[in-house]
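Me: I am in my first year and would like a close look at a single part of this structure, explained step by step. Please take one strand, say what surrounds it, and then connect it to the rest.

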Amino acid sequence: MSFRRNRMTTAGWEQSLELIEEHQLPDPPAGWVRLRIECCGVCHRDLIDRSGRVPFVNFPVTPGHEACGYVDALGEGVDRWSLGDRVATLHRDACGSCSACETGEPSLCIGATQIFGITIDGGYSSHLLAPQSALFAVPESLDARLAATLACTYGTAWRALSRHGAPTAGDVVVVVGAHGGVGRCVVELAKRLGAEVVAVVRRDSDDGLRALGADHLIVNHDGRFHKQMPCAPAKVVVDCVGAATINASLRCLGVGGRLVLVGNIDERRSELQLGRMIVYGLQVVGSSGANHAELKTLLEWHAKEPFNPIFGSSYGLNEADQAMRDLRAGSCSGRLIIDPSLDQSN
Ligand SMILES: [Zn+2]
Ligand SMILES: [Zn+2]
C-alpha cells in the first residue's frame, strides 16, 4: 500500500498542491496513531491556511483538518485507541494535564500545539499520523462524510449554542451567516431545541434553510438587519460573519441576551456599543471547537433523529487542488469531500 499525500509548499494560489507518493507508510511516534483515511472535508479554514493569513503554517504541509478513518498502526504508549477503531479528527491535540484538559475542555487547552493542516500534516492524504488526543470515536454506521466533518460543522454549532446554556423552547435564536456550513447547522440544532429561528443571510435565497428549521429569513442588504427583526428580541445570536455584522447582531439581543462569535478568524477590529452591553447586561463570547462530551451528545442525537447535512462533490486525492479552488470560487453548494478511493492513480 502506498502513502499518498498532497503537499502545500507555500502560501497562495499560484502554486498547485503537489501529490506525492511513497512506497512506505510512516510509523506513528510514541503517543500517536496512524489512520487509513476514508475521507476528509474541505473547509473554508483550509483556504485561510493557504491564504498566507496564518503566520505559523509549517510548510510544506498536507492540508485538511476534517478526516475520518481507521486506526491501522499504534505508536508506543497509545492507550486510548486499538487497531481497527474508527475515529475522526478534532482540530488539534490536547496536553491532558492543564486545568482545561482536566475539566474536559481540551478545546481550551493551553499546552496543545499540534494543529492539523497547520503545524502537522492533515487529511488530504491516504494516511494520517495523529496524536491520540486529537481524535474522537465514531460509530461504524455513520456516513464517512458526516463523520469527517461533524466536529467542524455540527460540533462548532452545538458548542456555540449550548456551552453557556442552550436555548429552550420558544427562545428566539438569530443565526447570522446562515448560508455557511456552521450557520446551517446552528439553524438545524436551534430548531430541534424548539427555538424560534431567524436566519440572516446575504443573498435572497432560501437554499433549504426553511426546511432545516428557519422560521424567518432576513436578507442583510445594508448591515442594519436588526431593524428587520420579525419577532421578539433574541436570547442568543450566533454570528458566523464577524466585524461586518457584530453591532447589528448585538442590537438583535434582548435584555440578558448572549452573542456568540464563531467561524473563521476575522482580523479586523470592531467597535462595540458598550453602553448598550452594560444596560442590557449582554454577554459576548467566542466559541471554538467542540469537546468530546459535546460530540458524544451530537452522535446520540443523530442516532435518534438523523441530521440533514448537505454534501457537494467528492474529489480524489489527485483532485484536491481543484477542490480547494472550487470552494474558493464560491460556486459549490454543500460540503466538498476528498476521498482517497476516488484517486485515479489508485
Ligand atoms: Zn473545518
Ligand atoms: Zn491541556
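**A strand and its surroundings**

Reply: In this predicted model, 10 of the 11 residues of strand 3, which covers residues 32-42, are buried, so the strand is largely enclosed by the rest of the structure. To see what lies beside strand 3, it helps to go through its pairings one by one.

With strand 4, made of residues 67-74, strand 3 pairs in the antiparallel sense over 7 bridges, and within this pairing you can find R36 of strand 3 standing opposite Y70 of strand 4. Strand 6, residues 127-131, is also an antiparallel partner of strand 3, here over 5 bridges, and L35 has L128 in strand 6 as its bridge partner. A further antiparallel pairing, over 3 bridges, joins strand 3 to strand 15, residues 335-338, where I338 is the residue that stands opposite C40. When you follow such strands on the screen, keep in mind that in a regular strand the side chains alternate between the two faces of the sheet.

Now to the rest of the model, beginning with another sheet. Here 6 strands form an open sheet in the order 10-9-8-11-12-13, and the pairing is parallel. Strand 10 (216-219) and strand 13 (283-286) stand at the edges with a single partner strand each, so one side of each has no neighbour in the sheet. On average, and with direction ignored, neighbouring strands of this sheet are turned by 20° against each other.

At the edge formed by strand 10, the partner is strand 9, residues 196-201, and these two pair in the parallel sense over 4 bridges; one example to look for is V200, whose bridge partner in strand 10 is I218. Helix 5, residues 181-192, packs on the sheet and touches strand 8 (172-176), strand 9 and strand 11 (234-239), while its direction makes about 170° with that of strand 8.

The last step concerns the nonpolar residues. The largest nonpolar core has 92 residues, and those with the most contacts inside it are A88, V175, V186 and V238. This core draws at least three residues from each of two domains, namely domain 1 (3-149 + 310-342) and domain 2 (155-286). If you select V238 and leave aside its neighbours within four places in sequence, you will find it in contact with A160, L161, V175, V176, V186, V260 and V262, a list that includes V175 and V186, which are also named among the residues with the most contacts inside the core.

Key:
Residues numbered from 1 in each chain as written. Chains lettered and ligands numbered in written order. Predicted model: local features only at pLDDT ≥ 70, side-chain atom pairs only at ≥ 80, totals over all residues. Pairing = 2+ DSSP bridges. Axes fitted to C-alpha atoms, helices over the stretch in contact; angles between N-to-C directions. Contact = placed C-beta atoms within 7 Å. Buried ≥ 20, exposed ≤ 12 C-beta atoms within 10 Å, placed from the backbone. Core = buried A, V, L, I, M, F, W, Y, C linked by C-beta atoms within 7 Å. Domains from an automatic or database assignment.
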